[in-house]
Amino acid sequence: MTNQTAVLDETMEETESPPASRAILSGAFEARSPDLPAWFREQQHAGWKKFEALPYPNRKDQPWRFSSVNALNFSSYNFGAPLSQAERDEILERSTGLDEVAGRLIFADDQLLRRDPLSQKLLAAGVILKPLERAILEHDDLFRRHFMAQPATLGSAKFAALHEAFVASGTFVYVPKGVEVELPIEIFHWLHGENASVFPHTLLIADELAKVTVIEHFRSAHSDRAGFACGVNDLVVGKGAKLNYVCTQNWNEKALAIQINSTSVERDASALSLNVNLGGAYSRFESLSRLTGEGARSDMLAVCVADNAQEFDARTLQDHASPHTTSDLLYKNALNDRARNTFGGLIRVEPHAHFTDAYQTVRNLLLSDDAEANSMPGLEILADNVKCSHGATSGQLGEDEMFYLLSRGIPAAVAKQLLVSGFLNEAVDRLDHQAITALVHDLIEQKFARR
Amino acid sequence: MAKEASPLEIERNIGNFAYPETHTHDAGVGLTEKTIHFISDIKEDPDWVREFRLNAYKTFMSKPMPTHWASKDLEAIVFDNIRYYLSGGVQAKRNWEDVPDDVKRTFERLGIPEQERKFLAGVEAQFDSEAVYSNIKKAVGEQGVIFVGSREGLKDHPEIFRKWFGKVIPTGDNKFSALNSAVFSGGSFIYVPPGVKVKHPLQAYFRINAENFGQFERTLIICDEGSELTYMEGCTAPKFNTATLHSAVVELVALKGAKIQYITVQNWSSNVFNLVTKRGLAHEDAEVKWIDCNIGSRLTMKYPGVIMKGRRARGEVLSIALAGDGQHQDTGAKMVHAADETTSNIISKSISIGEGRATYRGLVQIPKHLKNCKNNTECDALLINSTSRTDTYPAITVRGTGNSVQHEASVSQVSAEQIFYMQQRGLTEAQAMSLSVNGFVNDLVRQFPMEYSVELKRLIELEMEGSVG
């Protein structure tokens, strides 16, 4: 860890923590964020009403096909209790990620534990990195314009509404016109208490020609405590701006996780996202990338290593709303034991979005007889002059490759691991950032080591 | 960019004529239990069939329209406005001479008797609810091949019919298979004895003549061990302003080592809802191949399937869809692997012209503990105009380490360079376009029997004319 002694650049208001062990389904959202303005309160109320009104998903609904919807039972989860100093210290100690960052925020059970501020230079350039609740008060124009502006259309509207009702903390990032933030901004969200729930939110706005990299880590403090995470991210990439977004999802294997990300990419801008899915008992990740201006580009990458009875469910939409836009998706899944994976993706080329290039590839590597891969790569093309393709394959490790490694004296288990790493690297290495790819490789190795 | 213009309708009009109705049996408008008793009475159904129909009716009523995933256009079907049974008698004639004049003239205009003489081993012609003509060449009949209507099949060969009827496609498979099970009439029953290889294709021709009508033929084909059969079906209807419904159920059973090839050229008029359930059951070493060509109809929803039940069984679907203005071709394939070493192949090519929409919907299932199963799926879509639309919605489930699956889809348009090159060589733009589109489907069309492939090429040429500028 760096910056152990950093002083906060602004005084931080101590927000009151919610009452311990209060069930989330009791709808206790006021207590979560007592000092927020009335308009935000109203929004929370509306969110709760919407959550209550919308039906639970059904497997017969196309967006939930193949998904174990029975896992979506929230009755046992509560708002985590305030952490003791010792607990805080321990989590801070374990919040190891990148060595060099532009700024860092660490949360546990939705409580901000620490904040490593930006350099004076970046602050002077107008870059903002703040807890979400501060941005609600201090940048309400930006916040209100972009906060959950894109409705959740990939199936989780109900859970997006739940998030809206309960969001109490998170990260606000604003990079002004033409400013490049060289080092990544790092965010940690920890699940800590028994049956605790978190509602992480990252709202990022990269203004014209800005450049920024953000990495989020989702982790559990205890391997044996159940927990629930329901996160939403709004990533806005302005004209000509460039965003790299990385999420390492490493909740423990008892966690239930839903993550809803929407990215909008404006003219000549580019966004690259890499989702590393390792943890959770049931984990659903919805990613929407909307290309709204000519020349916009979106690269959507994900890797998944699943074992035991883990279930991963990824739903994606590459929404081409403007001509001359490009998107390229590559999802790679390595599935062991009784693990299940579902991929449901759609390339949608809206009318008049001519000259679109859109690609979508999902590759499943089945490593055991009980592993299951479901793929639903979809296309909806309403324009012509497009180049679109998708491919989905499911297969196993090549016998020749295994034989070669074994014949070189490499033990079977190691050989298998090497081949799986090689399989996943194709996606990981497309992120052109050495420190982050090294970190992702480490996390994948650690997951292998747990076996 | 291509300019907007609607494709010519020339070839679609070949079936666009109707004679006045002279039906003696008419179940009236709307569907109630009474309708079902009416049909059962006329057909002198055995009790178990009547029971089967009534149960199916209940299933049909209880199932919702599948509009949560399928086109909302289905809501345009008003079941109460449809006539469910119309016929001039239940017994098909063996001689064209015995067929009533106006019906005979219909099929002569469509060229059916001529084709029978030329290259078919047997023909069945269905006019509205019942087959009016059914004949099989003597030599083929002598081999023990049975080729009759579904009513005769269940009456004269109950021991084979009942064993497989409704077994490949259960009544409750979907709303429209339930509807068919309730009011089915017509269609073919074919049995090919062990080892018999029927050299020439058998053909069925389905004709809708009446307005506000629903045709619900039911076809059951059983190929016994080591036998082979090619079956072709064609369909046309006059164009009415009201919606016509065609909802067939086709069940194929290929016993050990048998091969069935089922070819459909669907050219319904553009007011027909064509909602068809087709599935084959392939036993050990058997092969079921669907060649499915959809050119007509307002909305077609059809996903021929193969259940590969025995080792080394093989399933194949080759699909061509052409969607013009006002048309939605929602087609695809289902491949269910249920034994080791089974292989399946899906090749789908669609062309969307004008405001046409082509959809591929597919399902591939390889459940656990199977070994060496393979599936290959390729879907290619061609978009001609900027208002054309294409969708692809596959769903693939694979478990275990012993199998491999690959799915690929692409969407493209006719390249400007190609058109330019051909125009350089003196072709008009329309000729160039048609050549290019024919090239796109050529490798599939080649797999059709000669007579069909020539016809199909000509059809595509005509469709393409005027669709470019």
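What is the mean pLDDT of chain A, and what percentage of its residues reach 70 or more? The mean is 92, and 94% of the residues of chain A reach 70 or more; pLDDT is the predictor's confidence in each residue, from 0 to 100. This is a predicted model, in which local features need pLDDT of at least 70, side-chain atom pairs count only at pLDDT 80 or more, and totals for chains, interfaces and linings use all residues. Residues are numbered from 1 along each chain as its sequence is written, while chains are lettered from A and ligands numbered from 1 in the order in which they are written.

**View 1. The start of chain A, residues 1–20.** Over this stretch of chain A the pLDDT is below 50. Beyond near neighbours in sequence, residues 1–20 have 21 contacts in the model. Two residues are in contact if their C-beta atoms, placed from the backbone, lie within 7 Å.

**View 2. Two loop residues of chain A with positive phi, Asp109(A) and Leu209(A).** Look for Asp109(A) in the loop between β3 (103–108) and β4 (111–116) of chain A. Its phi is near 45 degrees, a positive value in a residue other than glycine. Leu209(A) sits in the loop between β9 (201–206) and β10 (211–220) of chain A, with phi near 60 degrees. Strands (E, at least two residues) and helices (H or I, at least four) are DSSP runs, numbered from the N terminus. Is each residue buried or exposed? Asp109(A) is buried because 26 other C-beta atoms lie within 10 Å, whereas Leu209(A), with 18 C-beta neighbours inside 10 Å, counts as partly exposed. The cut-offs are 20 or more other C-beta atoms within 10 Å for buried, 12 or fewer for exposed, and partly exposed in between, with C-beta atoms placed from the backbone.

**View 3. Helices α8 (residues 412–428) and α9 (residues 434–449) of chain A.** Their axes come within 11 Å and cross at roughly 145 degrees. Axes are lines fitted to C-alpha atoms, for helices over the stretch in contact, and angles run from 0 to 180 degrees between N-to-C directions. The contact is made by Gln417(A), Ser421(A), Leu424(A) and Val428(A) of α8(A), together with Thr437(A), Val440(A), His441(A), Ile444(A) and Phe448(A) of α9(A). By class, this contact has five nonpolar, four polar and no charged residues. Ala, Val, Leu, Ile, Met, Phe, Trp, Tyr, Cys and Pro count as nonpolar, Asp, Glu, Lys and Arg as charged, and the others, Gly among them, as polar.

**View 4. Where chain A touches chain B.** Chain A brings 36 residues to the contact and chain B brings 32. On the side of chain A, the elements that give two or more residues are β20 (357–366), β21 (372–381) and β22 (387–395). β21(A) gives the most, with ten residues. The residues on this side of chain A divide into 13 nonpolar, 15 polar and eight charged.

**View 5. Helix α8 (residues 175–183) of chain B.** Eight of the nine residues of this helix are buried, including Phe176(B), Leu179(B) and Val183(B). The buried residues of α8(B) pack against α1 (33–43), α2 (47–62), β9 (218–223), β12 (249–254) and β14 (272–282) of chain B. For the wider setting, buried residues make up 56% of the 469 residues in chain B, and the secondary structure of chain B comes to eleven helices and 24 strands.
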